[in-house]
Amino acid sequence: MFVHPDEDTRTDGGFQGERAVLAGYLRDQRLTLELKCTGLDAEALARRSVEPSNLSLLGLVRHLAGVEQYWFRQVMAGQDVRRHYRSEAEPAGEFTGAVADPAVVADAWATWRAEVAFAERLVAQAPSLDVTGVTGVTGVAGDEPMELREVLVHMIEEYARHNGHADFLRERIDGRVGQ
């Protein structure tokens with residue numbers, strides 16, 4: 001066990017209403033990511049899974065900061081912002097730039113937490129889950145509208161998939177599994 005059940009801040013369901021259910025399960029997935037990274041130094045967080053993969057826990061934190069930014073800032077809020085950690089020259093920058101440097105780790109967590117806070121505010125303040133954003137690059141023909149509820153479901157799926165990766169990464173680092 002990573003933490004004693006009495007100290008686990010995740011819930012076990014019990015949410016009431018669609019918004020609370022979706023936001024609650026997403027919150028728990030986010031907390032799971034943090035839990036899987038708890039207690040690791042920069043070197044361990046940046047440790048790659050196996051060659052030739054560039055997957056690491058730090059890379060996942062950086063990647064999910066970018067995913068939060070894309071879906072909530074760009075798609076739902078319509079903000080035209082430069083993507084975190086990636087560019088045309090470095091499309092996998094969130095993973096390739098995940099190096100064993102405490103400053104890189106601190107930046108990743110600060111960026112991820114800022115994007116999560118933005119997303120939580122957006123969801124809480126949305127008049128309903130029917131609110132739509134536009135996928136793709138703002139202003140590009142062919143963009144499709146997407147409801148906030150679908151974005152929330154997608155984000156739960158995104159975190160669940162990557163938390164599975166995080167299980168294996170953590171086990172490779174120090175043998176801890178599950179939870």
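Biologist: Partly exposed means a relative accessible area between the buried limit of under 20% and the exposed limit of over 50%. In this predicted model, into which class does E157 fall?

Modeller: Let's put E157 on that scale. Its relative accessible area is 37%. Buried would need a value under 20% and exposed one over 50%, so E157 is partly exposed.

Biologist: Thanks! With which residue does the side chain of E157 meet in a salt bridge?

Modeller: Look along helix α6, where E157 has a partner four residues away, about one turn of the helix. That partner is partly exposed as well, at 36% relative accessibility. The N to O distance of the salt bridge is 3.0 Å, and the partner of E157 is R161.

Biologist: How many salt bridges does the count come to?

Modeller: As a general idea, side chains of opposite charge can pair when their charged atoms come close. Here the rule asks for a side-chain nitrogen of Lys or Arg within 4 Å of a carboxyl oxygen of Asp or Glu. By this rule the total is 14.

Biologist: Which residue forms a salt bridge with E18?

Modeller: E18 sits in helix α1, and its partner is 131 residues away in helix α6 (residues 148-174), so to speak a link between distant parts of the chain. E18 has 41% relative accessibility and therefore counts as partly exposed. The closest N and O atoms of the pair are 2.8 Å apart, and the partner is R149.

Biologist: Is K36 buried or exposed?

Modeller: K36 forms a salt bridge with D167, with 2.4 Å between the closest N and O atoms. This pair also links distant parts of the chain, K36 being in helix α1 and D167 in helix α6. D167 counts as partly exposed at 25% relative accessibility. The relative accessible area of K36 is 3%, so K36 is buried.

Biologist: How are α1 and α5 oriented to each other, roughly parallel or roughly antiparallel?

Modeller: The axes of helix α1 (residues 18-37) and helix α5 (residues 102-125) come within 11 Å and cross at roughly 170 degrees. Angles over 145 degrees count as roughly antiparallel. The two helices, α1 and α5, are therefore roughly antiparallel.

Biologist: How many nonpolar residues does the contact of α1 with α5 have?

Modeller: On the α1 side, the contact includes A23, L33 and C37, along with charged residues such as R30. On the α5 side, W109, W112 and V116 are among the residues that take part. By class there are five charged residues and no polar ones, while the number of nonpolar residues is nine.

Biologist: Which helix gives the most to the largest nonpolar core?

Modeller: This core has 47 residues, and W71, F72, W112 and L148 have the most contacts inside it. Helices α1, α2, α3, α5 and α6 each supply at least two of its residues. With 12 residues, the helix that gives the most is α3.

Biologist: What is the separation of the C-alpha atoms of T11 and G24?

Modeller: T11 is found in the segment before α1. Leaving aside neighbours within four places in sequence, T11 is in contact with R27 and D28. T11 and G24 are 13 residues apart along the chain, and their C-alpha atoms are separated by 7.9 Å.

Methods: Residues are numbered from 1 along each chain as its sequence is written. This is a predicted model: local features need pLDDT of at least 70, side-chain atom pairs count only at pLDDT 80 or more; totals for chains, interfaces and linings use all residues. Side-chain values use heavy atoms; hydrogens and water are left out. Axes are lines fitted to C-alpha atoms, for helices over the stretch in contact, and angles run from 0 to 180 degrees between N-to-C directions. Angles under 35 degrees count as roughly parallel, over 145 as roughly antiparallel, 65 to 115 as roughly perpendicular and the rest as oblique. Contact means heavy atoms within 4.5 Å. Buried means under 20% relative accessible area, exposed over 50%, partly exposed in between (1.4 Å probe, protein chains only). A nonpolar core is a set of buried Ala, Val, Leu, Ile, Met, Phe, Trp, Tyr and Cys residues joined through side-chain atoms within 4.5 Å.
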